[in-house]
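Here is a short note for someone opening this structure for the first time. Please read it with the model on screen.

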Amino acid sequence: MLKLSPNSLVLLPALAKISCEPNWRWQKREKPMPNYDLFYVWSGQGWLELNDKTYEIGKGSCFLFRPGDHPTATHNPQKPLVLTYIHFDVTEPVEIIPKSYRVLQETVEFEHLLSRYVRMFLIKTYAAEEEARLILKMLLIHLLREDYGQPPEKKASNHLTETIHEIANYIRQHPGMQHRVEDLARRANLSPRYFAIKFKELTGMSVQQFLIRSRIERAQHLLMHTGMNVTEVADALGYRDIFFFSRQFKQYTGKSPSEVR
């Protein structure tokens, strides 16, 4: 489903976010499901059977039922399920399909997309179907990413992830500043050691490596598009030694600053 065009997604009328009644149960259908169904649990406790396997489900449980599936389900009436389901079909051949089941650990972005999808049709937004197809494609990509390429964000909470990314963006915006780990950690309200560990986990590089890369990327832009000479660029980005700047620039780009200019 990664390469599907959004226009090939057929939006079917069965969609909702519901709080299940205490005596709710999903009985086995006489006929198998004729289309796809994205099924997500917001809260509660229940049990779902699919392909002769029983799953205990709760917040973050997410299924993608496929044509031919025969799911059944029930729940704890003391902890009723709150769930969203979206029925859809596709008009193109499908190659890569998200797995039938997973438990999402980071749910904020996924739940935001689900809520937006349902709201599109509740208030009859202009161009709702066009946007809903795009949202559904984003939801499917999110599942594929969970299944086949877990992002580094899963190693940290949403708040910590956002904080680290904000600081990374701050470094990009001010590459010429003399950023110290201690100062950046203070912005994040973390100890320098813990900040450095999490920064590398979430960006894939140390603070120093990230700072150098940000400086060199900015240097490339300045040299190519502003008319500044090599000395001016080095000075603007906090380099006191133009020879050190040139050597570092070549290490990262394979070219000297004068060749780029």
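1. Start with a definition. The expected span of a helix is 1.5 Å times one less than its number of residues. Keep in mind that this is a predicted model.

2. Apply that to helix α8, residues 242–253. Helix α8 has 12 residues. From first C-alpha to last, α8 reaches 16 Å, close to the 16 Å expected at 1.5 Å a residue.

3. Which residues of α8 are buried? They are F245, Q248 and F249. These buried residues cover an arc of only 105° around the axis, so they sit on the same side of α8. What covers them includes α6 (207–225), α7 (230–236) and α9 (257–260).

4. Now turn α8 around. The face pointing away from the buried side carries F243 and Q251, both exposed.

5. Look at the two ends of α8. At the start, a side-chain oxygen of D241 comes to within 2.8 Å of the backbone nitrogen of F243. Just after the helix, G254 adopts a positive phi of about 85°.

6. Move on to the sheets. One is an open sheet of 5 strands, ordered β1-β8-β3-β6-β9, with antiparallel pairing. Its edge strands are β1 (9–19) and β9 (101–103), and each pairs on one side only. From one strand to the next, the twist averages 15°.

7. Inside this sheet, check the pairing of β3 (residues 36–43) with β6 (residues 61–65). The two strands are antiparallel and share 4 bridges. F39 stands opposite F63 of β6.

8. Two helices are placed against these strands. Helix α1 (residues 108–122) lies across β1, β3, β6 and β8 (82–90). Its direction is at about 115° to β3. Helix α2 (residues 128–148) packs on the sheet and touches β1, β3, β6, β8 and β9. The direction of α2 makes about 75° with that of β1.

9. There is also an open sheet of 4 strands. Its order is β2-β7-β4-β5, and the pairing is antiparallel. Why is one side of β2 and of β5 left without a neighbour in the sheet? Both β2 (25–26) and β5 (53–57) stand at the edges with a single partner strand each, so one side of each has no neighbour there.

10. Finally, trace β4 (residues 46–50) against β5. The two run antiparallel, joined by 5 bridges. Which residue of β5 is the bridge partner of E49? That partner is T54.

Conventions. Residues are numbered from 1 along each chain as its sequence is written. This is a predicted model: local features need pLDDT of at least 70, side-chain atom pairs count only at pLDDT 80 or more; totals for chains, interfaces and linings use all residues. Side-chain values use heavy atoms; hydrogens and water are left out. Two strands pair if DSSP finds at least two bridges between them. Axes are lines fitted to C-alpha atoms, for helices over the stretch in contact, and angles run from 0 to 180 degrees between N-to-C directions. Contact means heavy atoms within 4.5 Å. Buried means under 20% relative accessible area, exposed over 50%, partly exposed in between (1.4 Å probe, protein chains only). The arc is that of the directions from the helix axis to the C-beta atoms. A polar contact is a pair of N or O atoms within 3.5 Å; within protein, one must be able to donate a hydrogen and the other to accept it, and residues adjacent in sequence count only if both atoms are side-chain atoms.
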